[in-house]
Amino acid sequence: ERDTNAVLLREVHHRVKNNLQIIVSLLSLQSRFITDDKLVHVFDEVQNRVRSMSLIHQKMYQSKDLSTVNIAEYINDLSENLLKTYNLSQQVKLEVDVAVNRFKSDTLTPLGLIINEIISNALKYAFTEETAGTIFVEIKSLGNGRYRMVIGDDGVGLPSTSGHESESGSFGTELIHALIEQLNGTIVRDTEQKGTVYRIDFEDLED
């Protein structure tokens, strides 16, 4: 019975992944018929968010125990996908330092979306075409089921009243805070470091 359940669960992850990839394809197709640059940009962001969720199910499907995902591998794959999306893979270096092997599935979906939003903002605003830089993600355990993620960049930095946040970043900012609340977490911006850096404390949720 356990083997049967594992096969069924694997198939569920596979089908969810395929359905999400179909949604990405539909959004991509629809965006070809849009002439408004701002709307095209919105469609691109939505596609990245769906890809983030699709990648989680892909990793779940490939995982041996089907309940957890290798978080370092997931962050690397997600970040590489975003680098390709924004065509900055040549000048932006990615540093991932994760002292945690795995997270439960209910934690990984909101955590993946948070990472997606922050890295996307860094790739859009932190670097110019002429400058190189680094995006980093560090995760460590605080004990008692709580964890800390330090994520950010060493780019030009974003003022708290930046037009980026008030326009295209407003929904992303609200989404980040909603997802952190879902993880029973907190977020603090480290203003002493160069660039834009956030410290996020959160819980590994029970499935």
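**Note on the predicted model: core, helix packing and overall make-up**

1. Leaving aside its neighbours within four places in sequence, isoleucine 139 is in contact with Ile71, Ile75, Asp97, Val98, Ala99, Val100, Phe103, Arg148, Met149 and Phe202. Please keep in mind while reading this note that the structure is a predicted model.

2. The residue just described also belongs to a wider group, since the largest nonpolar core has 42 residues, and Ile139 and Met149 are the ones that touch the most other members of it. Two or more residues of this core come from each of H2, H3, strand S2 (92-98), helix H4 (105-125), strand S4 (133-143), strand S5 (146-153), helix H6 (169-182) and strand S7 (197-203). Helix H4 gives the most, with 9 residues. As general background, nonpolar side chains tend to be buried together in soluble globular proteins.

3. Two of the helices that contribute to this core, H2 and H3, also pack against each other. Helix H2 covers residues 37-62 and helix H3 covers residues 71-85, and the two pack at an angle of about 150° with their axes 11 Å apart. Their crossing is right-handed.

4. Which residues of H2 and H3 meet? From H2 come Asn48, Arg51, Ser52, Leu55, Ile56 and Lys59, while H3 brings Glu73, Tyr74, Asp77, Leu78, Asn81, Leu82 and Thr85. When the residues of this contact are sorted by character, 5 are nonpolar, 4 are polar and 4 are charged.

5. Tyrosine 61 is also part of helix H2, and a student may wish to ask whether this residue counts as buried, partly exposed or exposed. Its relative accessible area is 30%, and tyrosine 61 is therefore partly exposed, because that class lies between the buried limit of under 20% and the exposed limit of over 50%. The C-alpha atom of tyrosine 61 is separated by 8.4 Å from that of valine 12, although the two residues are 49 residues apart along the chain.

6. Turning to the chain as a whole, the protein has 6 helices and 7 strands, and from the N terminus on these elements run in the order α-α-β-α-β-β-α-β-β-α-α-β-β. Among the contacts between residues at least 6 apart in sequence, 70% join residues that are at least 24 apart.

7. Finally, on burial and surface, the protein chain has 207 residues, of which 43% count as buried. The chain exposes about 11,500 Å², and carbon and sulfur atoms supply 49% of that area.

Technical notes: Residues numbered from 1 in each chain as written. Predicted model: local features only at pLDDT ≥ 70, side-chain atom pairs only at ≥ 80, totals over all residues. Heavy atoms only, no water. Axes fitted to C-alpha atoms, helices over the stretch in contact; angles between N-to-C directions. Helix = DSSP H or I, 4+ residues; strand = E, 2+ residues; numbered from the N terminus. Left-handed = near helix turned anticlockwise from the far one by under 90°. Contact = heavy atoms within 4.5 Å. Nonpolar A, V, L, I, M, F, W, Y, C, P; charged D, E, K, R; others polar. Buried < 20%, exposed > 50% of the residue type's maximum accessible area, 1.4 Å probe, protein only. Areas by Shrake-Rupley, 256 points an atom, 1.4 Å probe, with all protein chains shown as cover. Core = buried A, V, L, I, M, F, W, Y, C linked by side-chain atoms within 4.5 Å.
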